[in-house]
Amino acid sequence: MAINAHTKMKFSVVVVDDHFLLSQAIGGLVQGFKDFEVLYLCKNGRELLDKIEGPDNIPDLVLMDIKMPILNGIETTEILKVKFPKVKVLALSIEEDEYTILKMLRAGACGYLLKDTKKEILEEALRQVMATGHYYTNTVSKILVSSIEKTGDTELKEKEIEFIKLACTDMSYREIADAMCCSYKTVEGYRDAVHKKLNVKNRIGLVLFAIHHNLFTP
């Protein structure tokens with residue numbers, strides 16, 4: 001059958017999840033989206049890294065679970081970021097604790113979806129990631145981030161910017177105080193001031209702001 005030269009190419013997606021029936025279901029949803037097609041399914045990060053080395057096996061986007069045997073989603077995303085930096089990773093997990101989301105964003109994920117996400121939101125997330133390079137759901141925002149507003153004319157002081165950059169690392173606030181050569185109470189002051197200026201409620205909000213404004217690159 002002849003292929004129309006004007007046919008729009010679809011974005012290729014790989015689903016990585018150790019629950020086979022669930023990965024099949026997710027793959028089926030994605031396959032039904034107008035601008036996307038499923039390249040293949042993998043049951044863990046190691047299988048993905050083995051498969052992606054093959055010709056024509058590099059996808060545009062990976063829907064990545066986090067808790068998986070052999071090689072989990074965070075470790076896999078870190079490796080992909082180095083070896084295949086053009087491949088976008090969108091986390092799809094049941095995990096909604098702050099620590100896990102932070103780890104996944106730091107590893108290089110372009111966004112974070114919970115597995116109870118509606119079909120329409122999943123499709124929109126895929127589109128947004130391919131169009132803008134990132135997507136964060138209202139669900140995750142309400143639970144953890146409280147939505148980042150545009151800063152407009154908000155001015156951050158030099159020390160506040162330094163604090164934000166350090167907050168994007170694995171350092172505790174006490175370690176950040178040591179790195180900034182100030183007291184823990186001073187760091188708390190920076191934290192409270194930055195939270196108020198940026199309208200964020202926690203460390204995830206700071207990380208998302210830093211990524212969005214190029215203060216931190218996963």
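Let us start inside this predicted model, at Phe 163, which counts as buried with a relative accessibility of 0%. Its partner is Tyr 173: the two rings form an aromatic pair, with 6.0 Å from centre to centre and 20° between the planes. Since planes under 30 degrees apart count as stacked, this pair is a stacked one. Phe 163 belongs to helix H7 (residues 158-167) and Tyr 173 to helix H8 (residues 173-179), so the pair ties together parts that are 10 residues apart in sequence. Tyr 173 also counts as buried, at 18% relative accessibility; the cut-off for that label is under 20%.

Stay with Tyr 173 for a moment, as its ring has a charged visitor too. The charged end of Arg 203 sits over the ring of Tyr 173, 5.0 Å from the centre. A similar arrangement involves Arg 174, which lies over the face of Tyr 184 at 4.1 Å from the ring centre.

How many aromatic pairs does the structure hold? There are two. In the pair not yet described, the ring centres of Phe 11 and Phe 36 are 5.6 Å apart and the planes meet at 40°, so this pair is tilted. Phe 11 lies in strand E1 (residues 11-16) and Phe 36 in strand E2 (residues 36-42), so the contact ties together parts 25 residues apart in sequence. The partners have their own surroundings: Phe 36 is buried, with a relative accessible area of 1%, whereas Phe 11 is partly exposed at 30%.

Strands E1 and E2 bring us to helix H2, whose buried residues pack against both of them, as well as against strand E3 (61-64) and helix H3 (73-83). Which residues of H2 (residues 45-52) are buried? They are Gly 45, Leu 48, Leu 49 and Ile 52. Looking down the axis of H2, you will find these buried residues within an arc of 95°, so they line one face of the helix.

Now follow H2 from its start. There, a side-chain oxygen of Asn 44 comes to within 3.0 Å of the backbone nitrogen of Arg 46. Beyond the helix, the loop between H2 and E3 contains Asn 57. The side chain of Asn 57 reaches back to Lys 51, with 2.9 Å to its backbone oxygen. Leaving aside neighbours within four places in sequence, Asn 57 is in contact with Leu 39, Tyr 40, Lys 51 and Ile 52. Ile 52 is already familiar as one of the buried residues of H2.

Key
Residues numbered from 1 in each chain as written. Predicted model: local features only at pLDDT ≥ 70, side-chain atom pairs only at ≥ 80, totals over all residues. Heavy atoms only, no water. Phe/Tyr/Trp six-rings, centres within 6.5 Å; stacked < 30°, edge-to-face > 60°. Helix = DSSP H or I, 4+ residues; strand = E, 2+ residues; numbered from the N terminus. Buried < 20%, exposed > 50% of the residue type's maximum accessible area, 1.4 Å probe, protein only. Lys NZ or Arg CZ within 6 Å of the ring centre and 35° of its normal. Arc of directions from axis to C-beta. Contact = heavy atoms within 4.5 Å. Polar contact = N/O pair within 3.5 Å; in protein donor to acceptor, adjacent residues only side chain to side chain.
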